[in-house]
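Colleague: Hi! Could you walk me through this one while I have it open?
Modeller: Happy to, let's pull it up.

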Amino acid sequence: MAVLSISRRTVARSVRVLGVATASAALALGAAGNALACNIKEFSAEAKCDGDKGVITVTDVDKSGVEATVSVYLVENNADVRMVGEQTVKGSKEGTTITFDEAWQPNAEYRVHVVALPYIKGEDISPNLTTPATACKTEDETPTPTATPSPSESTPADEESDSPTPSASESSTAPADTSSNAPTPAAGESNLAETGANSNTGMIAGIAVALVAIGGGAVFFGLRRRGASSSR
C-alpha cells in the first residue's frame, strides 16, 4: 500500500511540473509570436523629389512579410481633403518601399493609414507626414530659351531681295535719245573735235578760201582786159 501511495504522489507531482512547463512554453511562444507579428512601428513615410516630380514613399520593414494595405490622404485643418492613393506591400528585413506620385506643396500634411490583418486593424503612422519647406523643381524654373526670329520677320537681306528686279527687256532697252532737242554741232566742228584742233580753225579756213576766190577773180578780169587792149 505504501508503494502505491508513493507512486500516486509522484505522478501527481510530475503532472504539475509538466503543466507548469507547458504553460511556460506557451507564454514563451506567445511572446515570440508577438515579437514577430506586424506592427505599425515598422512602417515609415517620407516626402521627397524624383527629379522634378514630387513623390511620397512608404517603407515596410516587417520581417514576417504580412501583406498590408497602405492608404495616403492629404490633410487640411485636421480633416482629409482627398485620397492620394492606395497600395499593398509585403515587408522584408531589408525594407520594402512603395511610391505614390504626388505634386505636394511645401509644408503640406499627409495621413498614412495601414491595415495588416490580423495584427493591424487600421492605424495611422504617427505623427502625420509633413512635406519639406522647399518644393520640387518645376518647369517654370527652367531657363527660358532665347526667342528666335519668326519666318514672318524679314531681315535686311530679305527686304533687298523683295525689291522688284528689272526684267531683261527693260535692262536691254537703250535709253531714249535726248539729243534731238540740242543743236547738232557743225561738220567742221565735229571733224576738228576728232583731230583735236581749236574751234577757230574752221573760220580761218573759210576766210582763206574766200581770199583765194577773190584773187582768182581778179586775175581772170585782168587777163580779159589785157586781151581786149591787144586786140585794139
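Colleague: Let me start with a side chain I clicked on: is Arg-82 buried, partly exposed or exposed?
Modeller: Arg-82 counts as partly exposed, at 38% relative accessibility. Please keep in mind that this is a predicted model.

Colleague: Which residue does Arg-82 meet in a salt bridge?
Modeller: Its side chain meets that of Glu-102, at 2.4 Å from N to O. Arg-82 lies in strand β4 and Glu-102 in the loop between β5 and β6, so the salt bridge ties together parts that are 20 residues apart in sequence.

Colleague: And Glu-102, buried or exposed?
Modeller: Glu-102 counts as buried, because its relative accessibility is 7% and the cut-off for buried is under 20%.

Colleague: How many salt bridges does the structure hold?
Modeller: Four. One of them is between the side chains of Asp-80 and Arg-111, at 2.6 Å from N to O. That pair links distant parts of the chain, with Asp-80 in strand β4 and Arg-111 in strand β6, 31 residues apart.

Colleague: Which other residue forms a salt bridge with Arg-111?
Modeller: Asp-124 does, and the closest N and O atoms are 3.1 Å apart. Asp-124 sits in strand β7, 13 residues from Arg-111 in strand β6. Through shared partners, Asp-80, Arg-111 and Asp-124 are joined into one network.

Colleague: How exposed are the three of them? Start with Arg-111: buried or exposed?
Modeller: Arg-111 is buried, with a relative accessible area of 18%. Asp-80 is partly exposed at 40%, and Asp-124 is partly exposed as well, at 31%.

Colleague: Why can side chains like these pair at all?
Modeller: As a general point, side chains of opposite charge can pair when their charged atoms come close.

Colleague: Changing topic to the inside. Which residues touch the most other members of the largest nonpolar core?
Modeller: Phe-43, Ile-56, Val-70, Phe-100, Tyr-110 and Val-114, out of the 25 residues in that core. The elements giving two or more residues to the core are β1 (43-50), β2 (53-60), β3, β4, β5 and β6. In soluble globular proteins, nonpolar side chains tend to be buried together.

Colleague: Let me zoom in on Phe-100. What is it in contact with, leaving aside neighbours within four places in sequence?
Modeller: Phe-100 is in contact with a list of residues that includes Val-55, Ile-56, Val-58, Val-70, Val-72 and Val-84. Gly-85, Glu-86 and Gln-87 are on that list too.

Colleague: Glu-86 caught my eye. Which residue has Glu-86 as its bridge partner in β4?
Modeller: That's Ser-71. As for the strands, β3 and β4 run antiparallel and are joined by ten bridges.

Colleague: And what happens at the turn of that hairpin? How many residues are between the strands?
Modeller: Two residues lie between β3 and β4 in the hairpin, and Asn-77 takes a positive phi near 55 degrees there. Asn-78 has a positive phi too, about 65 degrees, although it is not a glycine. Asn-78 is found in the loop between β3 (67-76) and β4 (79-90), and it is exposed, with a relative accessible area of 73%.

Colleague: What about Asn-107, what phi does it have?
Modeller: Asn-107 has a positive phi of about 60 degrees, and it is not a glycine either. You'll find Asn-107 in the loop between β5 (96-101) and β6. Asn-107 is exposed, with a relative accessible area of 53%.

Colleague: I want to check the prolines as well. Which residue is joined to Pro-118 by a cis peptide bond?
Modeller: Leu-117, with omega at about 5 degrees. Pro-118 lies in the loop between β6 (109-116) and β7 (120-124). There is also a cis peptide bond joining Ser-126 and Pro-127, where omega is about 0 degrees. Pro-127 is found in the loop between β7 and β8 (129-130).

Colleague: Last one, the outside. Which residues make the nonpolar surface patch of about 440 Å²?
Modeller: Met-203, Ile-207, Leu-211 and Ile-214 make that patch. Leu-211 lies in helix α5, residues 201-231, and counts as exposed at 58% relative accessibility.

Methods: Residues numbered from 1 in each chain as written. Predicted model: local features only at pLDDT ≥ 70, side-chain atom pairs only at ≥ 80, totals over all residues. Heavy atoms only, no water. Helix = DSSP H or I, 4+ residues; strand = E, 2+ residues; numbered from the N terminus. Buried < 20%, exposed > 50% of the residue type's maximum accessible area, 1.4 Å probe, protein only. Core = buried A, V, L, I, M, F, W, Y, C linked by side-chain atoms within 4.5 Å. Contact = heavy atoms within 4.5 Å. Pairing = 2+ DSSP bridges. Patch = residues over 30% accessible without salt bridge, like charges linked within 9 Å, V, L, I, M, F, W, Y side chains within 5 Å. Areas by Shrake-Rupley, 256 points an atom, 1.4 Å probe, with all protein chains shown as cover.
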